[in-house]
Amino acid sequence: MVPLAAGGPELSAVVEEEVERTRELSQRDSVHTTALAVDPSRWELVRFVLWQGGVPDGEPATERYEVLHLSAPGLGGLPDGRHW
């Protein structure tokens, strides 16, 4: 989670860095899905990463959950990249 400061060029730079980090993670073979979101209750950027077969050793994470089933009809038809 990354705290968001109040506006300005610094905020844009932080968001772009996090978008790039999320993009890099999405290219790894063991990653199924990545998403970057804003938690407006705390004004933080939150990154979600779904790993295939578990999180690799040494990968930083603040919280980890095991997803037992992921139903994803039409997943192959979704475009890559930003969706805003």
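Here are some quick notes on the fold, the surface and the main pocket of this predicted model.

1. Starting with the fold: the protein has one helix and three strands. Going along the sequence, they come in the order β-α-β-β. The helix, α1, covers 8–26, while β2 runs over 31–39 and β3 over 44–51.

2. On contacts, take the pairs of residues at least 6 apart in sequence: 41% of those contacts join residues at least 24 apart.

3. On burial, the protein has 84 residues, and 13% of them are buried. Its accessible surface is about 6,700 Å², with carbon and sulfur atoms holding 55% of that area.

4. Now the pocket. A probe the size of a water molecule, rolled over the atoms, shows where empty space is left. The largest pocket found in this model comes out at about 970 Å³ in volume, and its lining counts 32 residues.

5. Which residues lie nearest the centre of the largest pocket? They are Arg47, Phe48, Val49, Ala61 and Glu63.

6. As for which elements build the wall, α1, β2 and β3 each give at least two residues to the lining of the largest pocket. The largest share is from β3, with seven residues.

7. If you care about the chemistry of that lining, it splits by class into 18 nonpolar, eight charged and six polar residues. Both charged and nonpolar side chains turn up in the set nearest the centre, with Arg47 and Glu63 in the charged class and Phe48, Val49 and Ala61 in the nonpolar one.

Technical notes:
Residues numbered from 1 in each chain as written. Predicted model: local features only at pLDDT ≥ 70, side-chain atom pairs only at ≥ 80, totals over all residues. Heavy atoms only, no water. Helix = DSSP H or I, 4+ residues; strand = E, 2+ residues; numbered from the N terminus. Buried < 20%, exposed > 50% of the residue type's maximum accessible area, 1.4 Å probe, protein only. Contact = heavy atoms within 4.5 Å. Areas by Shrake-Rupley, 256 points an atom, 1.4 Å probe, with all protein chains shown as cover. 1 Å grid on protein atoms, 1.4 Å probe; cavity = no way out; pocket = protein on both sides within 12 Å on 5 of 7 lines; lining within 4 Å. Points joined across faces, edges and corners; volume = space filled by probe spheres on them.
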